[in-house]
Amino acid sequence: MDTRIIKGIIVAAILAWSIYNFTQGNIGFGIMLLLLAGLAGFLVTRSIRLIIAFISLRRGKMESCLTWINRVNPDKLFPKSRGYFYYLQGLTSVQGGGQGSLTKAEVMFKKSLSNGLRLDLDKATAKLQLAVIAISKRKKREATNLLSEVKKLDKRGMMTAQIKQVKEGLRRI
């Protein structure tokens with residue numbers, strides 16, 4: 001039996017217990033159980049290992065991030081979470097360096113975009129990395145198309161410095 005089903009049953013049981021406590025007049029305990037059910041529901045839809053990998057990546061601990069990513073089975077993830085799994089795989093492959101890891105990173109970023117990333121900033125980052133990979137492979141047209149998509153996705157202007165750096169690399173081709 002899939003662990004997501006077991007977790008879903010546990011969440012439903014906690015929710016039912018919370019409703020029972022509300023009907024019995026135990027409002028405080030019912031609210032606590034409702035919050036617990038919300039937390040458990042969040043953990044059903046998200047992979048804890050992916051969350052820990054994201055935290056490790058933000059702290060700059062690539063070795064720890066790689067170990068947590070390698071523990072994740074992408075077949076047992078929801079499609080959106082699977083997109084972030086491939087996104088993390090691509091980011092760690094880019095950090096590895098070398099031509100073989102660039103092709104692996106390109107495949108991972110394309111898979112992450114096809115599986116779906118929720119945030120526009122994550123989509124922009126993935127496309128920016130794809131543009132850098134295209135520049136390293138001397139594909140100027142593909143890189144310019146990806147850069148224009150990145151500009152559209154970057155609504156807050158958080159990636160302007162990176163876009164300028166990639167444009168400078170694009171001029172050198």
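This passage walks through the cores, pockets and salt bridges of a predicted model.

A few ground rules come first. Residue numbers start from 1 along each chain as its sequence is written, and side-chain values rest on heavy atoms, with hydrogens and water left out. Since the model is predicted, local features need pLDDT of at least 70 and side-chain atom pairs count only at pLDDT 80 or more, while totals for chains, interfaces and linings use all residues.

Start with the inside. In soluble globular proteins, nonpolar side chains tend to be buried together. A nonpolar core here is a set of buried Ala, Val, Leu, Ile, Met, Phe, Trp, Tyr and Cys residues joined through side-chain atoms within 4.5 Å; buried means under 20% relative accessible area, exposed means over 50%, and partly exposed is in between (1.4 Å probe, protein chains only). The largest such core holds 24 residues, and those with the most contacts inside it are Tyr-87, Phe-109, Leu-128, Leu-147, Ile-163 and Val-166. Five helices each give two or more residues to this core: α5 (79-96), α6 (99-115), α7 (120-136), α8 (140-153) and α9 (160-171). Helices (H or I, at least four residues) and strands (E, at least two) are DSSP runs, numbered from the N terminus. Helix α7 supplies the largest share of the core, with 8 residues.

What does Leu-128 touch, leaving aside its neighbours within four places in sequence? Counting heavy atoms within 4.5 Å as a contact, Leu-128 meets Leu-147, Val-150, Met-159, Gln-162, Ile-163 and Val-166. Apart from the largest core lies another, of 10 residues, including Ala-53, Ile-69, Leu-77 and Leu-88.

Next come the pockets. These are found on a 1 Å grid over the protein atoms alone: a cavity is a set of points where a 1.4 Å probe fits but cannot get out, a pocket is an open set with protein on both sides within 12 Å along at least five of seven lines, and lining residues have an atom within 4 Å of a point. Grid points are joined across faces, edges and corners, and a volume is the space filled by probe spheres set on the points. The largest pocket has a volume of about 520 Å³. It is lined by 17 residues, with Leu-57, Tyr-87, Leu-91, Asp-122 and Thr-125 closest to its centre. Helices α3 (48-59), α5 and α7 each give two or more residues to this lining. Sorted by class, the lining has 12 nonpolar, 3 polar and 2 charged residues, where Ala, Val, Leu, Ile, Met, Phe, Trp, Tyr, Cys and Pro count as nonpolar, Asp, Glu, Lys and Arg as charged, and the others, Gly among them, as polar.

The second largest pocket takes up about 330 Å³. Its lining has 17 residues, and Thr-3, Lys-7, Ser-47, Lys-76 and Leu-77 lie nearest its centre. Here the elements giving two or more residues are α1 (3-24), α2 (27-45) and α3. The class split for this second lining is 6 nonpolar, 5 polar and 6 charged.

On to the charges. With a salt bridge taken as a side-chain nitrogen of Lys or Arg within 4 Å of a carboxyl oxygen of Asp or Glu, the count comes to 5. One of them pairs Glu-106 with Lys-110, with the closest N and O atoms 3.3 Å apart. Both residues sit in helix α6, 4 residues apart, about one turn of the helix. Glu-106 is buried at 10% relative accessible area, whereas Lys-110 is partly exposed at 43%.

Helix α7 has a pair of its own, Lys-123 and Asp-120, which are 3 residues apart, about one turn of the helix. Their side chains meet at 4.0 Å, N to O. Lys-123 is partly exposed at 27%, and Asp-120 is also partly exposed, at 27%.

Lys-127 and Glu-149 form another salt bridge, at 2.7 Å, N to O. Lys-127 lies in α7 and Glu-149 in α8, so this pair ties together parts 22 residues apart in sequence. Lys-127 counts as buried at 19% relative accessibility, while Glu-149 is partly exposed at 30%. Elsewhere, salt bridges that share partners join Glu-106, Lys-110 and Lys-137 into one network.
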